[in-house]
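These are my notebook entries on a structure that I opened for a first reading. I set down what I looked up, in the order in which I looked it up.

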Amino acid sequence: MYLWSTQQLQALIDLLRARDYDVIGPAVRDDSLHYERIDSLPVGWGDRQDAGHYQLRERADQSRFGYNLGAATWKQFLFPPRETLFRVRDGDFVNCREAPQKMAFLGVRPCELAAIALQDRVFTEDPVEPGYLARRKDLLLIAVNCSQAAPTCFCASTGDGPEVNAELPTDLVLTECEPADPYYLVEALTQRGQDLLEEVGGSQAPASARQTVDRLMDATREQLTRALDTEELPGLLLGALDHPHWDDLAQRCLACGNCTQVCPTCFCSTAEDHTDPITVEVRHNRRWDSCFTQGHSYLTGSVVHRSVRSRYRQWLTHKLASWVAQFGRSGCTGCGRCITWCPVAIDLTVETEALRAAP
Amino acid sequence: MASARLPTLAVFKFASCDGCQLSLLDCEEELLSIAQRLDIVNFPEASRRWEPGPYDIALVEGSITTIEDRQRISVVRKQSRVLVAIGACATAGGIQALRNSANVDAYARSVYPHPEYLSSLASSSPISAHVAVDYELHGCPIDKHQLLAVLLAFVEGRRPPIAQESVCMECKARGHSCVLVQGGEPCLGPITQAGCGALCPAYRRPCYGCFGVKEHARVEALMNHLQAHHGMGDDEVLRSLSTFNAGSELLIRIAERYRRPPPQDSEDS
C-alpha cells in the first residue's frame, strides 16, 4: 500500500491525461454532482440525501470524496443513453462504431464497481454487445472506499460496500483519510494499477495503514441506517405476486421511470430509426428504455404490463428476485439512487419489507 | 422532373395561434429537403397555392370551437389518408379549453360589445373528439424534430417514433439535475409526455406540462406528494393543471377535486 498526498492524486490525473485517457470523475454542476470529463477533483463537497430529496452541501474540509452519490452513473459512458448502432445511406449499411476514446473512471464507489461487474455480465457474455466491449476493454478503474454513507445507502445488505470487493475488476483502490487535510492510502489490484502507482510515486504506507482502512470502514458501516433484508428474498417476492401491497404501491408510483434511469444496473433499451432530413441517411439509434414505459412491454399489438401495479412489480421482482436466476445474484448493489431520485420518495427497502409481511 | 408523383401534404388550421404550423416553416434548411419528398399543396402560412384534396398526409392544428369547424374537420378527415393532429390545441383543446369549465356567455359579455354576433360551441375540443386521428404530436408548440420525424417516417412508410413516456426519461438521459428532487420545485415532468427534450429542466425550470399528460399519467399521485412534501396549495395545483392542456379529460377530472366550491348564492336573504 502507498500513501499519496493530494498533489499525487492530481499527478495521477495529469499522467492519465498525458496518456490520452479521458479522465471521468465527479464534477459539480447545477447544484448537483455529475460524472464528467475532468482535469481536477472538486474539493470540499458533500450531500444530504433522503427518500425523494437531494441537496449538495459544502463541507468545512478539503475532502475530494466527501460526497456520496449523485443521480449520475458510470453506465452512461459504457452503455450510453443514446447511441447510433448503424446508418443506412443509399441502401448501404454503414458501420458507425468508431474506436472509442480510452477512459479512466476516477472515484468509483464499491457499489458502483459491483454494478459495472454486473453490466459486464449483461453486455459481454453471450451475446456480446460490441460497443460496450470496445469501451470496456481499455477502461481503467480507480475505485474509492466510502469514508461516509448517506441515509439512503444500504450496500452492507447487498454485500457490495462500503469497502471495495478486491475480487471485482479494479486497478487502484483509494481510501481518503483525514479530510481536513487529506491523504490517500492507495492499493493496486492489477499490474496496470501497480505501474501507475510506481510512476506517480509517493511513499510506502505505514504498517498501520490496513488498520486505518478497517477503522474507517467500520465507522462507515456504523453510519448505514437503511437495510434490505435479503434473506430468502427471491422466493418470497415471487411468492407474493398477489400481495395487496402492490396495489398500495400503485397508488403512489408515477411510472415515470426515474428509478430505472438512475439505477446503475438497469440495462433495458429500445431502438428507433431516424432519418436525417438533409442527407436522407437513416440512423438506427438505441436509447435507454424502462420497464415503467408502455412501449417496454408492447408485443404483437398489445401491452403486457398495462397497469402501474404490474410495471412496479415487474421492476422489483426482476431486480431482487428473477435477476438471481438470470445472473447469479441480485440486481441491486445497495446504492440507494432509486430511493433518493424517486420524485414521490418510494423506498424499495420499505416496500420490500411490507411485501414480507403477511397480507 | 421526377417521374413518380410525390405524396401530398396539406396543413389545416382550426382554433389556434398558428405557432405549431410555424414549426414547419421554422424547419428552414430541412424544409427544402422535405419539399423534395412531399408535395406541399396547402400551407397558407407559406404559400398562396391551394390544391383540392384528396391529400396523402394532413397536419391539423387547432381545436374545434365552432359548428363550422366541426363540419370542416370531417371534410378534412375524408380527404386525408393520414391525419396528424399537431399541438396542444389539436390534441387537448388548447389554452382556450379553459372556458370548458367556465361560463362562456359571461366571458363574451365582458369582452365583446355585441356578443350576439358570436356563435361558438360550449367547449373547445381536440380533433380526436370529432374524427379519427392517426398520430398526435403534443406540445405548445410542437417540437420541430418530432414533426420532421413524423413526416420522414410517413415518406418512408414506417411508424413514427413518438415516445409516450415521461419527460423524466429524456431529462435523465440528458444528465440534467432534477429540479424536483434537489430543487423542491413543483416539476410536472413525471406526468408529462416526452418529446421536448426536457427543455425547461435543462434551464433549471420546472416542467409546466405543455406537452400534455403522458400515457398512464399519475397526476393525483404527484399532486398528493407535492402537497404533502413541497407545500403546494390547492390553488397552485389547480393552476398547474389549468394551462395549455386544460381540456384533457384526465386533467379536468382531477382539477375538479381541487376547485373551491363557488360562493353560495344568498337566495335566502
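The entries below go from whole chains to single residues.

**Entry 1: status of the model.** I note at the outset that this is a predicted model.

**Entry 2: chain A as a whole.** I looked up the secondary structure and found 13 helices and 16 strands in chain A. I then compared the radius of gyration of chain A, 21 Å, with the globule rule, which gives 21 Å for 359 residues; the two are close, so chain A is as compact as a globular protein of that length. For the extent of the C-alpha trace of chain A along its principal axes I recorded about 65 × 60 × 35 Å. I counted as buried 56% of the 359 residues of chain A. Taking the contacts in chain A with a separation of 6 or more, I found that 72% are between residues 24 or more positions apart.

**Entry 3: surface and charge of chain A.** I obtained an exposed area of about 14,900 Å² for chain A, with 49% of it supplied by carbon and sulfur atoms. I listed 36 positive and 49 negative side chains in chain A, and I found the centres of the two sets 4 Å apart.

**Entry 4: chain B as a whole.** In chain B I found 11 helices and five strands. The radius of gyration of chain B is 20 Å, and I set it against the 18 Å that the globule rule gives for 269 residues; the values are close, so chain B is as compact as a globular protein of that length. The C-alpha trace of chain B spans about 75 × 55 × 25 Å along its principal axes. I noted that 52% of the 269 residues of chain B count as buried. Of the contacts in chain B between residues at least 6 apart in sequence, I found 73% to join residues at least 24 apart.

**Entry 5: surface and charge of chain B.** I recorded an accessible surface of about 13,200 Å² for chain B, 52% of which belongs to carbon and sulfur atoms. Chain B carries 26 positive and 31 negative charges, and I found their mean positions 4 Å apart.

**Entry 6: domains of chain B.** I looked up the division of chain B and found domain 1 (8-156) and domain 2 (167-258). The centres of these two domains of chain B, taken over C-alpha atoms, are separated by 25 Å. To the contact between them, domain 1 of chain B gives 15 residues and domain 2 of chain B gives 16 residues.

**Entry 7: cis peptide bonds.** I found the bond from B:Gly53 to B:Pro54 to be cis, with omega near 0°. I placed B:Pro54 in the loop between β2 (39-42) and β3 (55-61) of chain B. The bond from B:Cys140 to B:Pro141 is also cis, and I read omega near -5°. B:Pro141 is in the loop between β5 (135-137) and α6 (144-156) of chain B.

**Entry 8: positive phi in chain A.** I noted a positive phi of about 50° at A:Ala255, which is not a glycine. A:Ala255 sits in the loop between α9 (245-252) and α10 of chain A. Is A:Ala255 buried or exposed? I found a relative accessible area of 4%, so A:Ala255 is buried. I also read a positive phi, near 60°, at A:Ala345. A:Ala345 lies in the loop between α12 (337-340) and α13 (348-356) of chain A, and with a relative accessible area of 26% it is partly exposed.

**Entry 9: A:Gln261.** I located A:Gln261 in helix α10 (residues 258-262) of chain A. A:Gln261 has a relative accessible area of 4% and is therefore buried. Which residues does A:Gln261 contact, leaving aside its neighbours within four places in sequence? I found A:Lys75, A:Trp288, A:Asp289 and A:Ser290, together with B:Met169 and B:Lys172.

Methods:
Residues are numbered from 1 along each chain as its sequence is written. Chains are lettered from A and ligands numbered from 1 in the order in which they are written. This is a predicted model: local features need pLDDT of at least 70, side-chain atom pairs count only at pLDDT 80 or more; totals for chains, interfaces and linings use all residues. Side-chain values use heavy atoms; hydrogens and water are left out. Helices (H or I, at least four residues) and strands (E, at least two) are DSSP runs, numbered from the N terminus. The radius of gyration is taken over C-alpha atoms; the globule rule is 2.2 Å times the number of residues to the power 0.38. Buried means under 20% relative accessible area, exposed over 50%, partly exposed in between (1.4 Å probe, protein chains only). Contact means heavy atoms within 4.5 Å. Accessible areas come from the Shrake-Rupley method with a 1.4 Å probe; for residues, only the protein chains shown count as cover. Lys and Arg count as positive and Asp and Glu as negative; His and the chain ends are not counted. The place of a charge is taken as NZ of Lys, CZ of Arg, CG of Asp or CD of Glu. Domain bounds come from an automatic or database domain assignment.
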